[in-house]
Amino acid sequence: MSDRLARNSIDGGRVIYAVDTHKVSSLRFPTFWFEPTPQGLFMLQVAFGQSKYYSDNLSDNIKRGVRQKVRRGEWLNLAPFGYQNNPRIRNIEPHPTNSKIVIRAYEEYAKGTHSFVSLAHFLTDLGVVTKNGTPLAKVSIKRLLTHRAYLGFVKHGDEWFDGNFEPIVSPQLFETVQKVLKEKERPRKRKIKHDFPFVGIFRCGECSGMISAQWTTNRHGTKYRYYRCSKKRGRCSQPYVREEELVEQLRARLQTISLPERYTKWMLSKVKEWEREETSASQSEVQNLSENIKTAEAKMEKLVSTYLDGDIPKQTYLKKKDEILLASAVLEQKKKDFENGRKKWVEPLREWILDTKQADFLAKSDNFHEIKTFVQKIGTNPLVRDKSVRFEFSPPSHFAAKRRGVLRSAAATRPRGAILSNREVSIAESKGFEP
Ligand SMILES: [Zn+2]
């Protein structure tokens, strides 16, 4: 499909530019064509989303080489506290004393009576201090209590892999500590003194200071909320803006990226349909992989018990164990790729549709807090200058905003509220969802 056409955002941008300047009135891809209608817009979003997914997959494949190393369970950097590097085995192993200290620290913290500071003092007594001889900082304590290397895992990027070295902390103890951490980290309730919904999102367009707010009473005694530059960065000539003015402008901007409900309804049902199709296609594959993973697990169990019974030598055991682990890791990755593949294009697409729907709703809403949250989500670099709000939409919404001019007129000629009938829809087939 449009994989080659929209390989990167520049190409995608060129296409959009060409459409904007009326150089292209409709785009033809092998599996669908684009016309400046809501359906066409929708399909173009799908196409660009899909291309991005396949490009992402490409770079994933390159990273895979590094991952192989990690899959062998090698710790590639300096050993974390509690371990020591052993160049002979090109890996890490528990340090005879420090590993015990790690366990003690976990056991202490699991009691639930310690703060990070008191645990730092506890460790000071055991001789664990910074280079300067002071107790460890809170951040170091937190790292110590959450480091999954102690479970025997190796990190690469955002993923953890089975390490080929001995764990120090048992999974149960680790879990208990994570629970205690979570308990203690629950945010304390903050008192909200003033209710200024749009504080904290805008910067001043002149001096880049934060925009703050205040109540002002006019000469008739009516109270208003005003927003203004905090002027903490020196001289700035920007005037005040009334909250109502600000909101009016935001609503108008939101209107530009909104689509009427009958379109979003149709789009959402289409996405659901594709999702179902793809799910059933990949289900049998995933099931197949799951079965293979189970087989590998069973093999592993059998191997461990054979080794424990003393029926095979350690060397054979380790070699076999590595083989099985590697094979399972590959299977797990395959399964994940299958599951992610769907999420990677369906979810952003659905989110974009929901955003256009939400924009439509908020363009008429009086819920200022919701408007603020939404603007924060879809807008970048919001500014106020000369009493006007300025911000860019982030890519998918930006795209919709640019196409929106064409859509309004098309949408206005149809009765509102009803879902589109298939007769009205002239997009191409959805069967082109392969690279
Ligand atoms: Zn300013």
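## The end of α4

In this predicted model, α4 is followed by G127, whose phi is positive, near 90°; helices here are DSSP runs (H or I, at least four residues), numbered from the N terminus. Residues are numbered from 1 along each chain as its sequence is written. Because the model is predicted, local features need pLDDT of at least 70 and side-chain atom pairs count only at pLDDT 80 or more, while totals for chains, interfaces and linings use all residues.

## Two sides of α4

Within α4, L119, A120 and L123 are buried, a term that requires 20 or more other C-beta atoms within 10 Å of a residue's own, whereas an exposed residue has 12 or fewer, with C-beta atoms placed from the backbone. These three cover an arc of only 105° around the axis, which puts them on the same side of α4; the arc is that of the directions from the helix axis to the C-beta atoms. On the other side of α4, H121 and D125 are exposed.

The buried residues of α4 pack against α3 and α5, where contact means C-beta atoms, placed from the backbone, within 7 Å.

## The nonpolar cores

The largest nonpolar core (buried Ala, Val, Leu, Ile, Met, Phe, Trp, Tyr and Cys residues joined through C-beta atoms within 7 Å) has 23 residues, and V102 and A105 have the most contacts inside it. At least two residues of this core come from each of α3 (98–110), α4 (116–125), α5 (138–146) and α6 (171–185), with α3 giving the most, 4 residues.

Leaving aside residues up to four places away in sequence, A105 touches L119, L123 and L144. Apart from this core lies another, of 20 residues, including F198, I211, A359 and V389.

Note on methods
Two residues are in contact if their C-beta atoms, placed from the backbone, lie within 7 Å.
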